[in-house]
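Colleague: Could you take me through one part of this model in some detail? I would like to start with a single helix and the residues it keeps away from the surface, and then see what else you would point out.

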Amino acid sequence: MLPEDKLNMILARFDELEAAMSGEMGDVAAEDFVKMSREYAEMKGVVASIQDFKKSRDEMLDLLQMLDSDDLDAEMKELAQMEVDELKAKLPDLEQEIKIQLLPKDDADEKNAILELRAGTGGDEAALFAGDLMRMYQRYAESMGWKCETISASESDVGGFKEAIVKVTGRNVFSKLKFEFGVHRVQRVPETETGGRIHTSAATVAVLPEAEEIDVKIDEKDIRVDIFRASGPGGQSVNTTDSAVRITHLPTGITVQQQDEKSQHKNKAKAMSVLRSRVYDAERAAKDAERSASRKGQVGSGDRSERIRTYNFPQGRVTDHRINLTLYKLDKVIAGEALGEVINALIAEDQAERLAEVENEV
């Protein structure tokens, strides 16, 4: 059962924030008001669930008290018993919902995300598959009301991408996309294959929370910036000025190169955005490794070399190996329409694992 005092503390804090923001407790500094507004917005969901839980529980207790009365006729008792049964069935779900909402939040969940896709084993077919994944994420983002901005892209000669970096902006983007991190495998007959043989190719997806300057501080003395002339495939020049930028973060050795813009300043700004996110992600990964060594093999373990999903075209199926989920709707997943089903299943599994951890600690 949920501790009553904890539920009451949450409701009291919510009322306190409401009173402070409405001016009942005097003037509030602008900076404090912003913090309060954020906390108030974050608490709305769990407060609504707690209120629903308490109301349903109190109704059930009142009905049980009625059933103990000798003054109730048989018909009213039957109706009351039906309501009690309904509420009894509802309460565990409401309690579970509150527990999930009270799980510790990942600080990065509300952030935008930077998606990095790279063709892996499989040559041209891997590049084509990376292109398919890129379009899948773009369509899924569109269905969620998010926006995508291509930061850089290196196209292959046959189409698709050797490498592409995209920024996805919107509400709670990272919380939805973070489980896409890993190796994606495709099994299909390439268009160039005359013998009809099935080939296996792979592409890697990295998902980084977009870091702001307040998240990670990068000193100028810790970076080396190299400027050079941008070039296209095969060394062909695509720019007559030295506008391409390579930034190296000396303490970690992380390097970012950007040449898609004609302006050196724009290339540097984009490269710094990616660098900041990679450094921030590296710091998060190090903390996660210390904190969650016991979670290896679980959904959120973050093993970046792990084969997480297979897209089998001949059988029309998608299998996520971490949760043994198979959907026979590959066309809808790759079109972005049914990707949400996979993502929601991963989120639910991660929540279940974390709930189990919390309950085991109690």
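Modeller: Happy to. The buried residues of α1 are Leu7, Ile10, Leu11, Phe14, Leu17, Ala19 and Ala20. Please keep in mind that this is a predicted model. Among the elements covering those buried residues are α2 and α3, the latter spanning 74-101. As for the helix itself, α1 has 18 residues, and from its first C-alpha to its last it reaches 26 Å, close to the 26 Å expected at 1.5 Å a residue. After α1 comes Gly23, with a positive phi near 90°.

Phe14 deserves a longer look. Its relative accessibility is 9%, so Phe14 counts as buried. The structure holds three aromatic pairs, and Phe14 belongs to one of them with Tyr40: the ring centres are 4.5 Å apart and the planes meet at 10°, so this pair is stacked. The two partners come from distant parts of the chain, with Phe14 in helix α1 (residues 4-21) and Tyr40 in helix α2 (residues 30-67), 26 residues apart. Tyr40 has 15% relative accessibility and therefore counts as buried too, the cut-off being under 20%.

An edge-to-face pair is formed by Tyr140 and Trp146, with 5.7 Å from centre to centre and 85° between the planes. Both Tyr140 and Trp146 are buried. Another ring to look at is that of Phe313: Arg188 lies over its face, at 4.9 Å from the ring centre.

Further along the chain, you may like to look at Thr248, which sits in strand β7 (residues 244-249). Thr248 has a relative accessibility of 9%, so it counts as buried. Once neighbours within four places in sequence are left aside, the contacts of Thr248 are Asp222, Ile223, Arg224, Ile254 and Thr255.

Finally, a word on confidence. The mean pLDDT of the protein is 86, and 90% of its residues reach 70 or more. Two stretches deserve care when you read the model. Over residues 233-239 the pLDDT stays under 50, and the model has 12 contacts beyond four places in sequence for them. Residues 294-298 also stay under 50 in pLDDT, with nine such contacts beyond four places in sequence.

Definitions and conventions: Residues are numbered from 1 along each chain as its sequence is written. This is a predicted model: local features need pLDDT of at least 70, side-chain atom pairs count only at pLDDT 80 or more; totals for chains, interfaces and linings use all residues. Side-chain values use heavy atoms; hydrogens and water are left out. Rings of Phe, Tyr and Trp (its six-membered ring) pair if their centres lie within 6.5 Å; planes under 30 degrees apart count as stacked, over 60 as edge-to-face and the rest as tilted. Helices (H or I, at least four residues) and strands (E, at least two) are DSSP runs, numbered from the N terminus. Buried means under 20% relative accessible area, exposed over 50%, partly exposed in between (1.4 Å probe, protein chains only). A charge sits over a ring if NZ of Lys or CZ of Arg is within 6 Å of the ring centre and within 35 degrees of the ring normal. Contact means heavy atoms within 4.5 Å. pLDDT is the predictor's confidence in each residue, from 0 to 100. The expected span of a helix is 1.5 Å times one less than its number of residues.
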